[in-house]
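The report that follows moves from the central sheet to the helices beside it, and then to a few individual residues. Please read it alongside the sequence and the coordinates.

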Amino acid sequence: MQDIFSLKGKTAWVTGAAYGIGYAIAKAYAEAGAKIVFNCSRQETVDRGLAAYEKDGIEAKGYVCDVTDEKEVAKLVDTITEETGPVDILVNNAGIIRRIPMTEMEAEEFKRVIDVDLIGPFIASKAVIPSMIERGGGKIINVCSMMSELGRETVSAYASAKGGLKMLTRNIASEYGKYNIQCNGIGPGYIATEQTAPLRERQPDGSRHPFDSFIIAKTPAERWGTPEDLMGPALFLASPASDFVNGHILYVDGGILAYIGKQP
Ligand code: NAP
Ligand code: GCO
């Protein structure tokens with residue numbers, strides 16, 4: 001059984017994997033035998049990631065590359081192929097969020113979120129699919145969200161992008177499944193990371209942020225998730241164990257999407 005979860009000898013490219021969810025996913029893949037490559041848009045984030053991998057005893061290569069720049073991404077894929085090997089596993093993890101009421105949001109801000117969270121995964125996937133086809137298959141995992149299914153105040157751009165990413169996932173599966181490419185999504189629930197830190201900030205009197213209490217009441221597990229909660233599910237989607245799973249979104253949310261929420 002261990003073999004079907006092994007990534008021995010595989011090259012895994014996890015975008016934005018300097019910390020948080022992407023880092024935990026890359027760490028799981030390294031522990032399963034994969035060679036890790038990641039990119040971020042800024043050198044300081046890449047350096048932060050490299051230091052974290054080194055501390056954990058993981059050999060990882062990090063590059064500066066903005067996932068919205070098609071030419072840069074194509075160049076990065078060539079570099080990864082030369083320096084590490086052709087990409088067997090791509091995780092589209094890099095993402096941004098802007099929490100702004102829709103009527104106060106500039107179209108340019110909306111577009112940037114769509115660019116990073118939806119067009120970025122399109123560009124990165126497009127850059128690796130031809131070589132996956134040539135080599136007989138591959139795995140693409142898109143990091144979706146609760147907002148692939150649900151809306152809420154202030155996240156119109158993010159929800160539009162993550163809803164779109166769910167459908168890009170299904171379309172890649174539909175279009176390239178015949179080449180033994182599996183494209184699935186992983187949908188984290190509310191995970192305690194830097195991205196969600198403002199939603200968990202303590203109030204001046206030391207009590208929980210109202211959004212923090214709201215999430216606890218909305219989650220049957222009665223807690224926020226951790227990046228480590230994503231490790232097993234993300235490994236499943238990258239390994240031979242999921243070779244007949246395609247176009248699926250695996251929500252890792254402590255049960256949020258199944259639950260109406262605790263009665264006040
Ligand atoms: P995060 O704070 O969203 O960090 C994302 C990483 O992406 C950073 O390393 C960042 O580095 C990189 N990045 C951002 N824009 C980029 C670009 N244009 N090109 C290349 N890299 C870029 O981390 P996270 O909270 O762990 O989230 C990771 C993913 O999970 C995101 O897609 C997020 O939407 C999704 N997610 C998060 C939660 C949660 O509760 N935290 C829940 C569901 C889904 P640079 O700043 O240097 O570019
Ligand atoms: C928000 C959150 C979410 C989460 C996550 C949920 O403001 O509602 O930041 O968007 O980060 O994506 O799955």
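How many bridges join strand 1 to strand 4, and in which sense do the two strands run? In this predicted model, three bridges join strand 1 to strand 4, and the two strands run parallel. Within this pair, Val14 stands opposite Val91 of strand 4.

**The sheet**

The pairing belongs to an open sheet of seven strands, arranged in the order 3-2-1-4-5-6-7 with parallel pairing. Its edges are formed by strand 3, residues 60-64, and strand 7, residues 249-252, each of which pairs on one side only. From one strand to the next, the twist averages 20°.

On its other side, strand 4 pairs with strand 5, again in the parallel sense, over four bridges, and here Ile89 stands opposite Lys139 of strand 5. Both faces of strand 4 are covered, since Ile89 and Val91 on one side, and Leu90 and Asn92 on the other, are all buried. Towards one edge of the sheet, strand 6, which spans residues 181-188, pairs with strand 7 in the parallel sense over four bridges, and Pro188 stands opposite Val252 of strand 7.

**Helices against the sheet**

Helix 1, residues 20-31, packs on the sheet and touches strand 1 (11-15), strand 2 (35-40), strand 4 (89-92), strand 5 (138-143) and strand 6, while its direction makes about 175° with that of strand 1. Helix 5, residues 156-176, lies across strand 5, strand 6 and strand 7, and runs at about 160° to strand 6.

**A buried acid**

Asp117 is found in helix 4, which covers residues 107-135. The side chain of Asp117 raises a question of charge: which side chain of opposite charge is nearest to Asp117, and how far away is it? The nearest is that of Lys162, 4.7 Å away, and Asp117 is buried yet has no salt bridge. The cut-off for a salt bridge is a nitrogen-to-oxygen separation within 4 Å, so the 4.7 Å between Asp117 and Lys162 does not qualify. A polar atom of the Asp117 side chain does, however, lie 2.8 Å from the backbone nitrogen of Ile96. Leaving aside residues up to four places away in sequence, Asp117 touches Ala94, Gly95, Ile96, Tyr158, Ala161, Lys162 and Leu165.

**Loops on either side of helix 5**

Leu150 is found in the loop between strand 5 and helix 5, where, not counting residues up to four places away in sequence, Leu150 touches Ala159 and Leu257. The C-alpha atoms of Leu150 and Lys162 are separated by 9.9 Å, although these residues are twelve apart along the chain. Thr154 is found in the loop between strand 5 and helix 5, and Asn180 lies in the loop between helix 5 and strand 6.

Most residues other than glycine have a negative phi. Against that background, Thr154 has a positive phi of about 80° although it is not a glycine, and Asn180, also a residue other than glycine, has a positive phi near 65°. The relative accessible areas of the three loop residues are set out below.

| Residue | Relative accessible area | Class |
|---|---|---|
| Leu150 | 36% | partly exposed |
| Thr154 | 24% | partly exposed |
| Asn180 | 39% | partly exposed |

Partial exposure covers values between 20% and 50%, which means that Leu150, at 36%, is classed as partly exposed, as are Thr154, at 24%, and Asn180, at 39%.

Definitions and conventions: Residues are numbered from 1 along each chain as its sequence is written. Chains are lettered from A and ligands numbered from 1 in the order in which they are written. This is a predicted model: local features need pLDDT of at least 70, side-chain atom pairs count only at pLDDT 80 or more; totals for chains, interfaces and linings use all residues. Side-chain values use heavy atoms; hydrogens and water are left out. Two strands pair if DSSP finds at least two bridges between them. Axes are lines fitted to C-alpha atoms, for helices over the stretch in contact, and angles run from 0 to 180 degrees between N-to-C directions. Contact means heavy atoms within 4.5 Å. Buried means under 20% relative accessible area, exposed over 50%, partly exposed in between (1.4 Å probe, protein chains only). Lys and Arg count as positive and Asp and Glu as negative; His and the chain ends are not counted. A polar contact is a pair of N or O atoms within 3.5 Å; within protein, one must be able to donate a hydrogen and the other to accept it, and residues adjacent in sequence count only if both atoms are side-chain atoms.
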